[in-house]
Amino acid sequence: MMSDSSQRIRMRVAGVLAGVTALAAATAACGSGSADSVGAADGRTEVTAALYPLEWLAERVGGSDVTVTALTEPGVEPHDLELTPAQVAGLEQTSLVAYIKGVQPAVDEAVEQHAADRGFDAATAVATIAAEEAHEGEEHAGEGHEDEGHEDEGHEEEHAHDVSYDPHIWLDPSRFAAVATALGERLAAADPARAAGYRERAAKTAADLTALDGELAEGLAGCSARSIVTSHEAFGYLADRYKLTQVGISVDPEAEPSPARLAEVAEVAKREKVTTIFTETLVSPKVAEVLAQEIGATTAVLDPIESRPEQGDYLSAMRRNLTTLQAALRCT
Ligand SMILES: [Zn+2]
């Protein structure tokens, strides 16, 4: 959300205001009864959100009691995010960092080093499902990656921050509701003076997510097809929750699938009478289009909501996904 320069300016302003506050406290005859929250100079609690779904959640649960700084800019695929020095410095100041261990290795490492006591790992709030293995021969297509250690070449390289579970937990609204509740508790602990507000908004957000979960469950109950072929395997939780089968062309959004994997997916798609191959907003649809052509299917966009949707928010993007799935899976 915030550009480097505006973040720097904001930090400088925060520093100046902190000085003014200290001066005022030293000279004032009586206390002002200021809020005991740490973080933002305007008295609001500073929350840093690693990627869009958590940014949305932090804004909902935090309301006007927080300022939310996002680490991933809109339109940026979050997995390979690298943090700027200003963003890393910001982690030293913030009251809470909401992240999901396993989505962004750079964030996992920065939280460990700079905000270990203020990290909220949303994955700890839910029952996770096992990660998909990289498909044999999957090749990383990303160029100019200098971050040594990032999982590459079909995940053959062992990465210190690899996790054994699928980290895309937000694509199951029932699990995401549990994250909302947990985030409300963490904010209440970080800023006890306003605990009631955090808990109230967390409950409201969890209720909205539970309602969305009900819509998806109902909307996907009577579909004649249940296999979804996706560009990258982000939809494991959605599949798990609504009893669909995900067939991912690749695990890594930037990986190029091997010819063998493509042939394998084509075979499954034909067998399952798949008529739609799903592409996603931030990943090139080229491979999916070739596959669709080969099996006589069409393509449609299914949004993994890894970044802020161009229109609407998390809730409306999930409802668009429902409509897309209903058309593709021939649901009644
Ligand atoms: Zn992903």
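Trainee: What makes Trp56, Phe176 and Tyr314 a cluster?

Mentor: Ring pairs link the three of them. Rings of Phe, Tyr and Trp (for Trp, the six-membered ring) pair if their centres lie within 6.5 Å; planes under 30 degrees apart are stacked, over 60 edge-to-face, and the rest tilted. That rule gives a count of 3 aromatic pairs.

Trainee: Why is the pair of Trp56 and Phe176 called stacked?

Mentor: Their ring centres are 6.3 Å apart, within 6.5 Å, so they pair, and their planes meet at 25°, under 30, so the pair is stacked.

Trainee: And how do you know which parts of the chain that pair ties together?

Mentor: Look up the elements: helices (H or I, at least four residues) and strands (E, at least two) are DSSP runs, numbered from the N terminus. Trp56 sits in helix α2 (residues 52-62) and Phe176 in helix α5 (residues 173-190), so the pair joins parts 120 residues apart in sequence.

Trainee: Before we go on, what kind of model is this?

Mentor: It's a predicted model, where local features need pLDDT of at least 70, side-chain atom pairs count only at pLDDT 80 or more, and totals for chains, interfaces and linings use all residues. Residues are numbered from 1 along each chain as its sequence is written, and side-chain values use heavy atoms, with hydrogens and water left out.

Trainee: Good. Is Phe176 buried or exposed, and how do you know?

Mentor: Buried means under 20% relative accessible area, exposed over 50%, and partly exposed in between (1.4 Å probe, protein chains only). Phe176 has 0%, so it is buried. Trp56, at 5%, counts as buried by that cut-off too, and Tyr314 is buried at 0%.

Trainee: Why is the pair of Phe176 and Tyr314 called tilted?

Mentor: The centres are 5.1 Å apart, so the rings pair, but the planes stand at 55°, which is neither under 30 nor over 60, so the pair is tilted. It links distant parts of the chain: Phe176 in α5 and Tyr314 in helix α10 (residues 314-328), 138 residues apart.

Trainee: On to the metal. What makes a residue a donor to the zinc ion?

Mentor: Donors are N, O and S atoms within 2.8 Å of the metal (3.2 Å for Na, K and Ca); water is not among the atoms, so sites may look incomplete. His79 (NE2), His168 (NE2), His232 (NE2) and Glu306 (OE) coordinate the zinc ion at 1.9 to 2.3 Å. Along the chain the donors are spaced H-x88-H-x63-H-x73-E.

Trainee: Why is the arrangement called tetrahedral?

Mentor: Four donors are tetrahedral if all angles lie between 85 and 135 degrees; four are square planar and six octahedral if opposite donors are over 155 degrees apart and all others between 65 and 115; anything else is irregular. Here the 4 donor atoms subtend 98 to 123°, so the arrangement is tetrahedral. For reference, the ideal angle for four tetrahedral donors is 109.5 degrees.

Trainee: Where do His79 and His168 sit?

Mentor: His79 is in the loop between β2 (66-70) and α3 (85-93), and His168 in the loop between β5 (139-140) and α5, 89 residues apart. Both are buried.

Trainee: How do you know that Ala317 is buried, and what is it in contact with?

Mentor: Its relative accessible area is 1%, under 20%, so Ala317 is buried. Contact means heavy atoms within 4.5 Å. Neighbours within four places in sequence aside, Ala317, in helix α10, is in contact with Asp303, Ile305 and Pro309. Its C-alpha is 7.1 Å from that of Asp303, which is 14 residues away in sequence.

Trainee: What makes β6 and β7 a pair?

Mentor: Two strands pair if DSSP finds at least two bridges between them. Strand β6 (residues 227-232) has 5 bridges to β7, and the two run parallel. Ile228 stands opposite Gln246 in β7. Strand β7 (residues 245-250) is mostly covered, with 5 of its 6 residues buried.

Trainee: Why is Lys243 called exposed?

Mentor: It has 66% relative accessibility, over 50%, so Lys243 counts as exposed. Lys243 is in the loop between α7 (236-242) and β7, with a positive phi of about 55° although it is not a glycine.

Trainee: And why does Lys273 count as exposed?

Mentor: At 61%, Lys273 is over the 50% cut-off, so it is exposed. Lys273 lies in the loop between α8 (259-271) and β9 (276-279), and its phi is positive, about 55°, although it is not a glycine.
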